[in-house]
Amino acid sequence: MKLLIVNGPNLNMLGIREKHLYGDRDYEALCAAIRNWAEELGAEVELFQSNHEGAIVDRIQQAYFDGTQGIVINPAAYTHTSVAILDALKAVQLPAAEVHLTDVNAREPFRHVSYAGMACQAHFIGMGFDGYKRAMAWMLENAPGR
Ligand code: DQA
């Protein structure tokens with residue numbers, strides 16, 4: 001199964017940003033963990049990170065044409081603001097799973113709304129790096145056309 005893993009703004013600052021929330025492992029460590037899990041699970045994986053909303057929309061749209069069979073997405077701050085990312089996920093009609101490192105529902109009220117989550121069939125929230133593994137495993141078990 002070909003999976004696209006999308007990470008939004010400031011996730012490239014893991015290991016530097018708010019370590020008490022996000023831990024001290026960096027984005028490269030997250031990518032390495034995801035690549036290892038993909039191998040373990042027998043999935044093909046492509047990683048994409050951007051700080052720009054439009055670039056994320058473009059990459060999701062591209063997934064419709066490049067044979068991607070499922071999208072695992074942590075839209076980061078755009079989770080709570082971006083109707084454009086929600087619409088892109090709806091447009092491509094691919095299975096989608098939402099991941100957040102922290103428990104957004106236990107944080108500030110503005111983090112309780114997830115637009116992107118409205119187009120996702122599964123949600124892995126507050127599980128740290130493991131949320132990505134759970135989301136990938138969910139895709140392999142549940143996504144049609146895998
Ligand atoms: C996050 C939670 C968001 O509210 C925040 O803006 C992020 C990261 C998470 O993974 O916990 O940048 O998506």
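This report describes the nonpolar cores, the largest pocket, the salt bridges and a few loop residues of one structure.

The structure is a predicted model, in which local features need pLDDT of at least 70 and side-chain atom pairs count only at pLDDT 80 or more, while totals for chains, interfaces and linings use all residues. Residues are numbered from 1 along each chain as its sequence is written, and side-chain values use heavy atoms, with hydrogens and water left out.

**Nonpolar cores**

In soluble globular proteins, nonpolar side chains tend to be buried together. A nonpolar core is here a set of buried Ala, Val, Leu, Ile, Met, Phe, Trp, Tyr and Cys residues joined through side-chain atoms within 4.5 Å. Buried means under 20% relative accessible area, exposed means over 50%, and partly exposed is in between (1.4 Å probe, protein chains only).

The largest nonpolar core has 29 residues, and those with the most contacts inside it are Ile34, Val72, Tyr132 and Met136. At least two residues of this core come from each of β1 (2-7), α2 (27-41), β4 (96-100), β5 (122-125) and α5 (130-142). Helices (H or I, at least four residues) and strands (E, at least two) are DSSP runs, numbered from the N terminus. Helix α2 supplies the largest share of this core, seven residues. Another core lies apart from it, with 20 residues, among them Tyr78, Ile85, Leu94 and Ala116.

Contact means heavy atoms within 4.5 Å. Not counting residues up to four places away in sequence, valine 72 touches Leu4, Ile5, Val6, Ala97, Val99, Tyr132, Ala135, Met136 and Met139.

Tyrosine 78, one of the residues of the 20-residue core, is placed in the loop between β3 (70-74) and α4 (83-92). With residues up to four places away in sequence not counted, tyrosine 78 touches Pro9, Asn51, His52, Glu53, Ile56 and Ile85. From C-alpha to C-alpha, tyrosine 78 and glutamate 44 are 26 Å apart in space, and they are 34 residues apart in sequence.

**The largest pocket**

Pockets are found on a 1 Å grid over the protein atoms alone: a pocket is an open set of points where a 1.4 Å probe fits, with protein on both sides within 12 Å along at least five of seven lines, and lining residues have an atom within 4 Å of a point. Grid points are joined across faces, edges and corners, and a volume is the space filled by probe spheres set on the points.

The volume of the largest pocket is about 170 Å³. It is lined by 15 residues, of which Arg17, Tyr22, Ala76, Ala77 and Arg111 are the closest to its centre. The lining has seven nonpolar, five polar and three charged residues. In this count Ala, Val, Leu, Ile, Met, Phe, Trp, Tyr, Cys and Pro are nonpolar, Asp, Glu, Lys and Arg are charged, and the others, Gly among them, are polar.

**Salt bridges**

Side chains of opposite charge can pair when their charged atoms come close. A salt bridge is a side-chain nitrogen of Lys or Arg within 4 Å of a carboxyl oxygen of Asp or Glu. The whole structure has five salt bridges, including those in the table.

| Pair | Closest N to O distance |
|---|---|
| Arginine 59 and glutamate 46 | 3.1 Å |
| Arginine 59 and aspartate 66 | 3.1 Å |
| Arginine 107 and glutamate 108 | 3.8 Å |

Glutamate 108 is partly exposed at 32% relative accessible area, whereas arginine 107 is buried at 16%. Salt bridges that share partners join Glu46, Arg59 and Asp66 into one network. Arginine 59 is buried, with a relative accessible area of 4%. Its partners glutamate 46, at 34%, and aspartate 66, at 22%, are partly exposed.

**Loop residues**

Most residues other than glycine have a negative phi. Glutamate 18, in the loop between β1 and α1 (19-22), has a positive phi of about 25°, and is partly exposed at 38% relative accessible area. Glutamine 93 also has a positive phi, near 55°; glutamine 93 is in the loop between α4 and β4 and is exposed at 67%.

Asparagine 10 lies in the loop between β1 and α1 and is partly exposed at 38%. Leaving aside neighbours within four places in sequence, asparagine 10 is in contact with Arg17, Gln49 and Asn51.
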